[in-house]
Amino acid sequence: MIIARRLSTKACRLVRVLGIETSCDDTAAAVVTGDGLLVSETNRHQHSVHAAYGGIVPGLAAVHHQANLPLVLRETLQRASLSIGDIDAVAVTRGPGMAASLGVGVAAAKALAAVHGLPLIGVHHMEAHALMARMGREDVVQFPFLCVLVSGGHTMTLVAHDVNSYTTIGSTRDDSVGEAFDKVARDLGLPWPDTQDGGGLGPALEQIALRGDAQRFPLPVPMDKSTSALSPDFSFSGLKTHVRRMREAGAFDPLVAQDQADVAAAFQRAAVAHLRKKTALACRHARAMGVNITCLVASGGVASNAAVREALADVAAKEGVPLECPPPRLCTDNGVMIAWAGVERLRRGLLDPYTFDFIQRWPLDTLKEMPYPARVSSFDL
């Protein structure tokens, strides 16, 4: 167990945390300071590896994490002109995610921390997304806030009461919004983008939708019937299936560029309208819980979508609170968010033993129930 003494505010600002992310197909690492300064980061994508399969292949992802992670860690430290001896704590994505991929990052982080006698922090991937907007802006993004987490694996609204304390209001009943974007993009025959910026097929659909006429193919907004209209939950499976059936019926030709653009625009408009309505409902539920939110935070890969941001900004304005988002490049999976979540948890003494394991499925609500045998009031480095 790690022994700790009291940490002064000044010392906390000087803390350097190394963050490691391997939950899906991005091998990423970053060094962040306690006052929110990004010192360095590295991210190796696997787009070319998985493009031929139309999606992420877990076994291949793990193999490439094993090959990439040592180089990513070395490059991150070299870019920062630091050695591992200059690092004060190691944070790593503990879950949720793909088991084999998580295992690579967790094993590396445990070895680094144990060998060098550093505090180890297992980070919930979705908490890291939720906290990303606070990095260097804690005076602006204060607790409690309402967070909309929209990504390839998750779609949910939640109240962030504090670090390690969350209440989920709504979540998807089937597909995530990011998954729906990707599947519709495949049905439209869109190529996997040749980019190193992350994101996959969703950004490709967003780009082509800019040239489309959403009126040409009117699509129904999900859960708009009386039986489900007042639920804060999400559902994207029906919308995705509607587009697929249109293709099978010959309503559009995926080989015709204008058809691609028009369907993409129609799908995006319906999906964004659904996100807007359910986020507004979540705000109403938060008020009913007696929570006075300070802001609306949007994070996760889909939060980089301009139409999504515009819709959520409108919701926030009507609620009388600001919309806060990380920079678009930090909305997708990255090591920066893991390092920053590590800073936030380190401050609160939420440390983990070197013996912990990854958690493939991990509801964010249960985070506060996790035992922390190394928990201390604050950490003195």
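Colleague: Which residue of β3 stands opposite V31?
Modeller: In this predicted model, V31 has S40 of β3 opposite it. V31 also faces L18 across to the other strand, since L18 stands opposite V31 in β2.

Colleague: What makes β2 and β3 a pair?
Modeller: Two strands count as paired if DSSP finds at least two bridges between them. β2, residues 27-33, and β3 have 6 bridges, in the antiparallel sense, so by that criterion they are paired. One of the matches puts A28 with its bridge partner N43 in β3.

Colleague: How do you know that β1 and β2 pair?
Modeller: The criterion is at least two bridges. β1, residues 16-21, has 6 bridges with β2, again antiparallel, so the two are paired.

Colleague: What links the strands of each hairpin?
Modeller: Between β1 and β2 there are 5 residues. Between β2 and β3 there are 4 residues, and G36 in that turn has a positive phi of about 90 degrees.

Colleague: Why are β3 and β5 said to stand at the edges?
Modeller: The open sheet has 5 strands in the order β3-β2-β1-β4-β5, with mixed pairing. β3 (38-44) and β5 (120-124) each have a single partner strand, so one side of each lacks a neighbour in the sheet. From one strand to the next, the twist averages 20 degrees.

Colleague: What makes β2 mostly covered, and on which faces?
Modeller: Buried means under 20% relative accessible area, and 7 of the 7 residues of β2 are classed as buried. Both faces are covered: T27, A29, V31 and T33 lie on one side, and A28, A30 and V32 on the other.

Colleague: Why is a set of residues called a nonpolar core, and which has the most contacts inside the largest?
Modeller: The members must be buried, of the listed nonpolar types, and joined through side-chain atoms within 4.5 Å. The largest such set has 52 residues, and L146, L188, L205, L219, F267 and L296 have the most contacts inside it. The elements that supply at least two residues each are β6, α6, α7, α8, α9, β9 and α10. α9 gives the most, with 13 residues.

Colleague: What does L188 touch?
Modeller: Leaving aside residues up to four places away in sequence, L188 touches L205, R247, F252, P254, Q260, V263 and A264. Apart from the largest core lies another, of 43 residues, including V32, V297, M337 and I359.

Technical notes. Residues are numbered from 1 along each chain as its sequence is written. This is a predicted model: local features need pLDDT of at least 70, side-chain atom pairs count only at pLDDT 80 or more; totals for chains, interfaces and linings use all residues. Side-chain values use heavy atoms; hydrogens and water are left out. Buried means under 20% relative accessible area, exposed over 50%, partly exposed in between (1.4 Å probe, protein chains only). Contact means heavy atoms within 4.5 Å. Axes are lines fitted to C-alpha atoms, for helices over the stretch in contact, and angles run from 0 to 180 degrees between N-to-C directions.
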